[in-house]
Amino acid sequence: MHGTGKKIGNFDFLFFLYSEVLNLILSIQILRAIAALLVVLHHISWKCSQFSSSNPWDWMTFGGAGVDLFFIVSGYIMCQVSYSRENNFIVFISARIKRIIPLYWGLSFFALVVYLLSPHLVNSSGGDTDVYSSFFLLPTKGKYLIQNGWTLRFEFLFYFIFALFLVFFKGVLHLIFTSLFICALVFIGIVFSVDGIVFEFLTSPMLFEFVFGMSVFFIFYKNFNVRFEFGILLVVLGGALFYLSDNNWNLHRVWSWGVPALIFFVGIRSLEAKFNSGWRSWAVWLGKLGDSSYSLYLVHPFSLAGSAIFLKKIGFSYNPFIFSFVLFFSALISGYLCYLLLEQPLLKAFRRFSLFPGFSK
């Protein structure tokens, strides 16, 4: 998995990003699956509170930590696809736009139609919906048409910073200066008190979580070995800290959820050899779920809302176990169908489409 030294054009870069890392590192796929499942279960807990007689998932308040785990995974993957390879700003940003935006915009347009016809069905938990910011991932005090989309604005801020330093550095120096710049942004936010959603966004401590992922990449790239028993211990410790934190320690989530996510990440990543040997039979299936994790992450709010309304109408919302069981599997099925029928075709369609003609080589 070390750098091949070959030049990456805009088409090949997307192939590396989507194929080399995600297909060859099973532990990363498993982490993506777990992150998506945490968010889904967190939202099922909300739906149980809204529609059912009781909530068997009320202990899943830490499910939002799936987002923090996703950020760490992103930091790791971006290093994996760019380290020791020739890249440029345009190629990198173009690849990320083509990977993320088509599916997000497609589902956002669907949400917009629903919003125009029945505004109460979008962001039913309350708050104003900011349509313009939804599509362009701008910082806003309102909510996006796809509420989960707020995480993508942090992803693209990280991509921009990461790609900017590709212009000047590569390898270890790129990791160091990118990390230092992100840390400086967060430090500015801690030292200076400036009102405004834009300043809060640009200096959010959540950016640290991308640095966590970059750091883990460098450690494993240098052939850092973790004993099997210690890897299991890290997985258990990270999971226990998720449960115990409940995000109620009066700390920023980067410490109450991000640090446990980092510990959990290192534990799962260190079990790669086991996932490819003794545990491969079930690990591959969980990895398949990782394939569809982006689709699952974006489409499950639609699935959960529709399933909850349907179950309430036919009188099955009173049983929280049947209710949550149906919601869970409807989310998994809709996520995988979205992956097969929408995400994959869009990925293929945009793979050969140049966003910046003349700048993609």
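Is F154 buried or exposed, and at what relative accessibility? In this predicted model, F154 counts as buried, with a relative accessibility of 6%. The legends below describe close-up views of this residue and of other sites.

**View A. The aromatic pair of W150 and F154 in helix α6.**
A pair of aromatic rings is described by the distance of the centres and the angle of the planes. For W150 and F154 the centres lie 6.0 Å apart and the planes stand at 90° to each other, an arrangement that is edge-to-face. Both residues belong to helix α6, which spans residues 150-166, and they are four residues apart there, about one turn of the helix. Whereas F154 is buried at 6% relative accessibility, W150 has a relative accessible area of 24% and is therefore partly exposed, since buried would require a value under 20%. W150 and F154 are also members of a cluster linked by ring pairs, in which F71, F92, F156, F158, Y159, F162, F201 and F210 take part as well. The search of the whole structure finds 38 aromatic pairs.

**View B. The aromatic pair of F208 and W255, between helices α9 and α11.**
The ring centres of F208 and W255 are 6.0 Å apart and the planes make an angle of 45°, so this pair is tilted. Because F208 lies in helix α9 (residues 208-221) and W255 in helix α11 (residues 253-269), the pair ties together parts that are 47 residues apart in sequence. F208 is buried, its relative accessible area being 17%, while W255, with a relative accessibility of 42%, counts as partly exposed.

**View C. Charged side chains over the rings of F220 and F228.**
R269 is placed over the face of F220, at 5.0 Å from the ring centre. At F228, the charged end of K274 sits over the ring, 5.5 Å from its centre.

**View D. The packing of helix α2 against helix α14.**
Two packed helices are described by the angle between their axes and the distance between the axes. For α2 (residues 26-51) and α14 (residues 293-313) the angle is about 20° and the axes are 10 Å apart, which makes α2 roughly parallel to α14. The crossing in which α2 passes α14 is right-handed. On the side of α2 the contact is made by R32, A36, V39, V40, H43, I44, K47 and F51, and on the side of α14 the residues include Y294, Y297, H300, L304 and K312.

**View E. The surroundings of H300 in helix α14.**
H300 counts as buried, with a relative accessibility of 0%. Leaving aside neighbours within four places in sequence, H300 is in contact with V39, V40, H43, N148, S295 and A331. The C-alpha atoms of H300 and H43 are 8.9 Å apart in space, although these residues are 257 residues apart in sequence.

**View F. The buried residue S27 in helix α2.**
S27 has a relative accessible area of 0%. Not counting residues up to four places away in sequence, S27 touches I268, R269, E272 and F275, and R269 is the residue that lies over the face of F220.

**View G. T129 in the loop between α4 and α5.**
The loop that holds T129 runs between α4 (89-117) and α5 (131-136). T129 is buried, with a relative accessible area of 15%, and, apart from neighbours within four places in sequence, T129 is in contact with Y115, V122, N123, K143, Y144 and L145.

Key. Residues numbered from 1 in each chain as written. Predicted model: local features only at pLDDT ≥ 70, side-chain atom pairs only at ≥ 80, totals over all residues. Heavy atoms only, no water. Phe/Tyr/Trp six-rings, centres within 6.5 Å; stacked < 30°, edge-to-face > 60°. Helix = DSSP H or I, 4+ residues; strand = E, 2+ residues; numbered from the N terminus. Buried < 20%, exposed > 50% of the residue type's maximum accessible area, 1.4 Å probe, protein only. Lys NZ or Arg CZ within 6 Å of the ring centre and 35° of its normal. Axes fitted to C-alpha atoms, helices over the stretch in contact; angles between N-to-C directions. Parallel < 35°, antiparallel > 145°, perpendicular 65-115°, else oblique. Left-handed = near helix turned anticlockwise from the far one by under 90°. Contact = heavy atoms within 4.5 Å.
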